[in-house]
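Please look through the structure shown below before reading on. The report that follows moves from one residue to the whole chain, and then to pockets, rings and single positions.

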Amino acid sequence: MAITASNTSLASVTLEVADPEAARRFYSAFGVDTYIRLRTSEAHSTGFRGFTLALTVSQPATVDSFVGAALDAGATVLKPAAKSLWGYGGVVQAPDGTIWKIATSAKKDTGPATREIDEIVLLLGVEDVKASKQFYVGRGLTVARSFGGKYAEFTSDESGSIKLALYKRGGLAKDLGVPADGTGSHRVVLGNTVGPFADLDGFVWEAAGVLAPAPSTPSPLS
């Protein structure tokens with residue numbers, strides 16, 4: 001089926017994990033299980049997988065609430081939650097290896113902590129942001145905002161859905177506090193409203209309803 005500029009969008013995010021039941025328990029405790037899908041994969045993957053899922057919440061107390069829930073469920077800290085020039089945030093790694101960033105632009109609490117998520121963004125670490133942006137524009141995604149060759153974010157079709165953004169791979173790894181090197185599978189599959197393709201950095205897309213096992217040949221990270 002031809003991919004046209006009028007019907008392609010990010011419809012789902014599937015994490016490939018070794019133990020789906022354990023991952024399901026973790027993500028339920030973490031509070032993001034309704035946003036993602038899980039499926040079994042033993043595909044080889046080492047080092048940085050080239051992406052992160054970023055939660056935006058309302059205030060520092062809520063950041064701490066999510067970080068605490070993740071740690072209690074078995075996550076490890078990559079960056080302790082702390083104040084920064086842009087607000088307050090931290091980075092954790094799930095037991096399955098997926099990296100999550102939780103942040104807020106607020107520097108002070110305005111009330112008790114909640115478990116509400118304002119936005120989730122899937123950040124893909126790419127070698128060439130401008131080239132990848134043009135690749136996705138050619139497949140029907142609309143740019144919401146862009147900062148030269150450093151960052152690009154696409155519009156989302158539905159309220160509450162995961163947004164897609166592109167970040168320079170090295171810059172994303174540095175922001176997350178991990179080395180940029182990585183090999184093997186990305187261990188994430190993006191669902192769309194049309195059909196299968198792979199982008200310039202090997203991130204795999206498929207029809208959103210497909211939950212079949214991943215192909216035996218992993219997508220390259222670089």
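Where is Trp86 found with respect to strand 5 and strand 6? Trp86 is found in the loop between these two strands, in a model that is predicted. Because its relative accessibility is 71%, and exposed means over 50%, Trp86 counts as exposed. When neighbours within four places in sequence are left aside, Trp86 is in contact with Thr104, Ser105 and Lys107. Lys107 lies 21 residues away from Trp86 along the chain, and the C-alpha atoms of the two are separated by 8.4 Å.

**The chain as a whole**

The chain has 222 residues, of which 47% are buried, and it contains four helices and 15 strands. Its accessible surface comes to about 10,300 Å², and carbon and sulfur atoms account for 54% of that area. If one considers the contacts with a separation of 6 or more, 66% of them join residues that are 24 or more positions apart.

**The largest pocket**

The largest pocket has a volume of about 940 Å³. It is lined by 27 residues, and those closest to its centre are Trp86, Lys101, Ala103, Tyr167 and Asp175. Trp86, the exposed residue described at the start, is thus met again here as one of the residues closest to the centre of this pocket. Sorted by class, the lining holds 13 nonpolar, seven polar and seven charged residues. Several strands each supply at least two residues of this lining, among them strand 5 (76-84), strand 6 (87-93) and strand 8 (119-126).

**Aromatic rings**

A pair of aromatic rings is described by two quantities, the distance of the centres and the angle of the planes. A search of the whole structure finds 12 aromatic pairs, and two of them that share Phe135 are set out in the table.

| Ring pair | Distance of centres | Angle of planes | Arrangement |
|---|---|---|---|
| Phe135 and Tyr136 | 5.2 Å | 90° | edge-to-face |
| Phe135 and Phe197 | 6.0 Å | 50° | tilted |

The pair of Phe135 and Phe197 links distant parts of the chain, since Phe135 belongs to helix 3 (residues 129-137) and Phe197 to strand 14 (residues 197-198), with their positions 62 residues apart. Phe135 and Phe197 are both buried, and Tyr136 is buried as well. Why is the pair of Phe135 and Phe197 called tilted? The planes of the two rings are at 50°, and a pair counts as stacked under 30 degrees and as edge-to-face over 60, so this pair falls in the remaining class. Elsewhere, Phe26, Tyr27, Phe30, Phe66 and Trp100 form one aromatic cluster.

**Buried positions in strands**

Leu122 is found in strand 8, and because its relative accessibility is 0%, Leu122 counts as buried. Not counting residues up to four places away in sequence, Leu122 touches Val13, Phe51, Thr52, Leu53, Ile162, Lys163, Leu164, Ala165 and Leu190. Leu122 also has Ala54 at a C-alpha to C-alpha distance of 6.4 Å, although 68 residues separate the two in sequence.

Ser12 has its place in strand 1 (residues 10-17), and its relative accessibility of 9% means that Ser12 counts as buried. With neighbours within four places in sequence left aside, the contacts of Ser12 are Arg37, Val189, Leu190, Gly191 and Ala208. Leu190 is therefore listed among the contacts of Ser12 and also among those of Leu122.

Gly184 is found in strand 12, where a relative accessibility of 15% makes it count as buried, because the limit for buried is under 20%. Gly184 and Gly47 are 137 residues apart in sequence, while their C-alpha atoms are 8.9 Å apart in space.

**A residue with a positive phi**

Most residues other than glycine have a negative phi. What is the sign of phi at Arg187, positive or negative? Arg187 has a positive phi of about 60°, although it is not a glycine. Arg187 lies in the loop between strand 12 (182-184) and strand 13 (188-192), and with a relative accessible area of 9% Arg187 is buried.

Notes
Residues are numbered from 1 along each chain as its sequence is written. This is a predicted model: local features need pLDDT of at least 70, side-chain atom pairs count only at pLDDT 80 or more; totals for chains, interfaces and linings use all residues. Side-chain values use heavy atoms; hydrogens and water are left out. Buried means under 20% relative accessible area, exposed over 50%, partly exposed in between (1.4 Å probe, protein chains only). Contact means heavy atoms within 4.5 Å. Accessible areas come from the Shrake-Rupley method with a 1.4 Å probe; for residues, only the protein chains shown count as cover. On a 1 Å grid over the protein atoms alone, a cavity is a set of points where a 1.4 Å probe fits but cannot get out, and a pocket is an open set with protein on both sides within 12 Å along at least five of seven lines; lining residues have an atom within 4 Å of a point. Grid points are joined across faces, edges and corners, and a volume is the space filled by probe spheres set on the points. Ala, Val, Leu, Ile, Met, Phe, Trp, Tyr, Cys and Pro count as nonpolar, Asp, Glu, Lys and Arg as charged, and the others, Gly among them, as polar. Rings of Phe, Tyr and Trp (its six-membered ring) pair if their centres lie within 6.5 Å; planes under 30 degrees apart count as stacked, over 60 as edge-to-face and the rest as tilted.
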